[in-house]
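Work through these exercises with the model open beside you. Try each task before you read its solution.

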Amino acid sequence: MTHFDAVVVGAGHNGLVAAAYLARAGKRVAVLERRRNTGGAAVSAEVFPGVAARLSKYSYLVSLFPDAIARDLGVDLRLARRTISSYTPVPGGDDGLLIGDGGASMARLAPGDAEGWARLYGRTADLAKAVFGTLTEPLRSREDFRALVDPGTWEAVFERPLSELIEREIADDLVRGVVLTDGLIGTFATADDASLAQNRCFLYHVIGRGTGDWDVPIGGMGAVTGQLAARAAEYGASLTTGAEVTAIETDGRHARVHYRTRDGEHVLDAAQVLVNASPTELAALLGETPEPVEGAQLKVNMLLKRLPRLRGGVAPADAFAGTFHVNETYSQLAAAHAEVAGGRVPSLPPCEIYCHSLSDPSILGPGLRASGAQTLTLFGLHMPHRLFERDNEATREAALAATLRSLNSVLAEPIEDVLYRDAEGRPCVEAHSTADLERELRLPGGNIFHRPLAWPFAEDGDGRWGVETAHANVFVCGAGAKRGGGVSGVPGHNAAMAALGR
């Protein structure tokens, strides 16, 4: 039986970060990946047959990845800053709120909210500067963490429902919705949810990279994870794809990792195991009972012949340069949540769109670039797993149709009219429900964070780094770790530090 200092289960970006750190420290490391390629959910792929467009298929923006990790591992993390923050059309109208135009549209549409907006995002900017650097340090206690944060901000973000902050600072329904959406990415909650799930989601969205900016990875997500895989291998880690881990046995000091390849069944002996999979998957591998988890989103990839025309005077290249919000006013978000709580797909699904190719045309082949083609990635809110569990295919079709109707309601022409067609003549559009993500990526309930997001400070049983488990030599190094979620590398770094500390 082959012995390793550490076996990393899963070659997503966090597993690769962990493997690279451990191998760089001189440890003998093996990485086992179920899929045929490394990268996990942070990959690029030509998803439409015969079309030279490499889309970031699942994850597409970078906010939380610290520069320090990139420097440590010799990764050239090339990111494009989006020139416009967001555009939100007025539902049923010809105008819209363009954040990044110097405040002109705010002054026109919601003049009374300019000061409240500045105060709110002044708070989040200070919060980001204060706490982002702590994500790659040992966990602070709640009180020590609180000492880093302005008392008013602490009360508004960490103690009281997000609705109170939004409604105190912002009066306009559309502007309130723009703020709230950062609390609802992959999170099925209302603005006033007593669990504060929306607050935790909001927190991670506004602190990224110490600024809150969401940047586009040049070359797509595959360019990021491709470099991480190369660095791990250069440092000496052994990477094996097509290797599905079937069980983990441990006595707290030594572990056995059972896995299956085309060649049959295999076992590795390891001092430590770092698992870049969900806590649900880890529980199954250990023979334990997992807790139920639910995700909440519809992800849609599209390739267009050109950007669609918009109502009013805003140029499509400006509107789609940042986050394009569709039917995400405060009241619309509440109405959609109520419909889903009643068991129905929202009649006008709220969603938001990103155009990677405007910031980074390198993901398109020369012919597509010359033709004016563009990619769109749509993230649908309030699409929880409960909708798709019974009949995924039919519900996905209905959800996609409703979402495209929602998008069309704010365009001057149907999106279907500008969809590119693949080599077989089919429209270039693909949708992934929570059930699809569960099947393809083993995300429990399609939860993109692996489980509900947690506060970035120590609570009961969190350990020193927030990656520890009940087994002394088994660590979580994926998005389900404390301070996980998003493309960050933080859980991978922290699991490696915990393992090296032992």
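**Exercise 1.** Decide whether Pro138 counts as buried, partly exposed or exposed.

Solution. This is a predicted model, and the values below are computed from it. Start with the relative accessibility of Pro138, which is 27%. Now apply the cut-offs: buried is under 20%, and exposed is over 50%. Pro138 therefore counts as partly exposed. Next, place the residue. Pro138 sits in the loop between helix 4 and helix 5 (142-146). Then look at its contacts. Leaving out residues up to four places away in sequence, Pro138 touches Arg464, Trp465 and Arg483. Last, take a distance. Glu288 is 150 residues from Pro138 along the chain, and their C-alpha atoms are separated by 27 Å.

**Exercise 2.** Describe how helix 4 and helix 9 cross, and state which residues make the contact.

Solution. Two packed helices are described by the angle between their axes and the distance between the axes. Find helix 4 at residues 114-131 and helix 9 at residues 197-207. Their axes come within 8 Å and cross at roughly 75°. Angles of 65 to 115 degrees count as roughly perpendicular, so helix 4 and helix 9 are roughly perpendicular to each other. Now list the contact. Helix 4 brings Leu120, Thr124, Leu127, Ala128 and Val131. Helix 9 brings Phe202, Leu203, Val206 and Ile207. Sort these residues by class: eight are nonpolar, one is polar and none is charged.

**Exercise 3.** Do the same for helix 1 and helix 10, and add the handedness of the crossing.

Solution. Helix 1 spans residues 13-24, and helix 10 spans residues 221-234. They pack at an angle of about 25°, with their axes 8 Å apart. Angles under 35 degrees count as roughly parallel, so helix 1 is roughly parallel to helix 10. The crossing is left-handed. On the helix 1 side, the contact has His13, Leu16, Val17, Ala19, Ala20 and Ala23. On the helix 10 side, it has Thr225, Leu228, Ala229 and Ala232. By class, the contact of helix 1 with helix 10 has eight nonpolar, two polar and no charged residues.

**Exercise 4.** Trace the order of the strands in the seven-stranded sheet, then find its edges.

Solution. Strands of a sheet pair through backbone hydrogen bonds, either parallel or antiparallel. The order here is 7-6-14-15-16-13-17, in an open sheet with mixed pairing. The edges are strand 7 (96-99) and strand 17 (429-432), each of which pairs on one side only. From one strand to the next, the twist averages 15°.

Now zoom in on one edge. Strand 13 (residues 296-304) and strand 17 run antiparallel and are joined by four bridges. Val300 stands opposite Ala431 of strand 17.

Finally, look for helices on the sheet. Helix 8 (residues 173-180) lies across strand 6 (86-89), strand 7 and strand 14 (323-326). It runs at about 140° to strand 6. Helix 17 (residues 434-441) lies across strand 13, strand 16 (374-384) and strand 17, at about 85° to strand 17.

**Exercise 5.** Find how many residues of helix 17 are buried, and what covers them.

Solution. Count first: six of the eight residues of helix 17 are buried, and the helix is mostly covered. Name them next: Thr434, Ala435, Asp436, Leu437, Glu440 and Leu441. The cover includes strand 13, strand 16, helix 16 (392-408) and strand 17.

**Exercise 6.** Describe the hairpin of strand 10 and strand 11.

Solution. Strand 10 (residues 244-250) and strand 11 (residues 255-261) run antiparallel, with six bridges between them. One partnership joins Val245 to Tyr259 in strand 11. Four residues lie between the two strands of the hairpin. In the turn, Gly252 has a positive phi of about 95°.

**Exercise 7.** Place His382 and His450, and give their phi values.

Solution. Most residues other than glycine have a negative phi. His382 has a positive phi of about 55° although it is not a glycine. His382 belongs to strand 16. It is buried, with a relative accessible area of 1%. His450, also not a glycine, has a positive phi of about 75°. His450 lies in the loop between helix 17 and strand 18 (474-476). Its relative accessibility is 11%, so His450 counts as buried.

Definitions and conventions
Residues are numbered from 1 along each chain as its sequence is written. This is a predicted model: local features need pLDDT of at least 70, side-chain atom pairs count only at pLDDT 80 or more; totals for chains, interfaces and linings use all residues. Side-chain values use heavy atoms; hydrogens and water are left out. Two strands pair if DSSP finds at least two bridges between them. Axes are lines fitted to C-alpha atoms, for helices over the stretch in contact, and angles run from 0 to 180 degrees between N-to-C directions. Contact means heavy atoms within 4.5 Å. Angles under 35 degrees count as roughly parallel, over 145 as roughly antiparallel, 65 to 115 as roughly perpendicular and the rest as oblique. A crossing is left-handed if the near helix is turned anticlockwise from the far one by less than a right angle, and right-handed if clockwise. Ala, Val, Leu, Ile, Met, Phe, Trp, Tyr, Cys and Pro count as nonpolar, Asp, Glu, Lys and Arg as charged, and the others, Gly among them, as polar. Buried means under 20% relative accessible area, exposed over 50%, partly exposed in between (1.4 Å probe, protein chains only).
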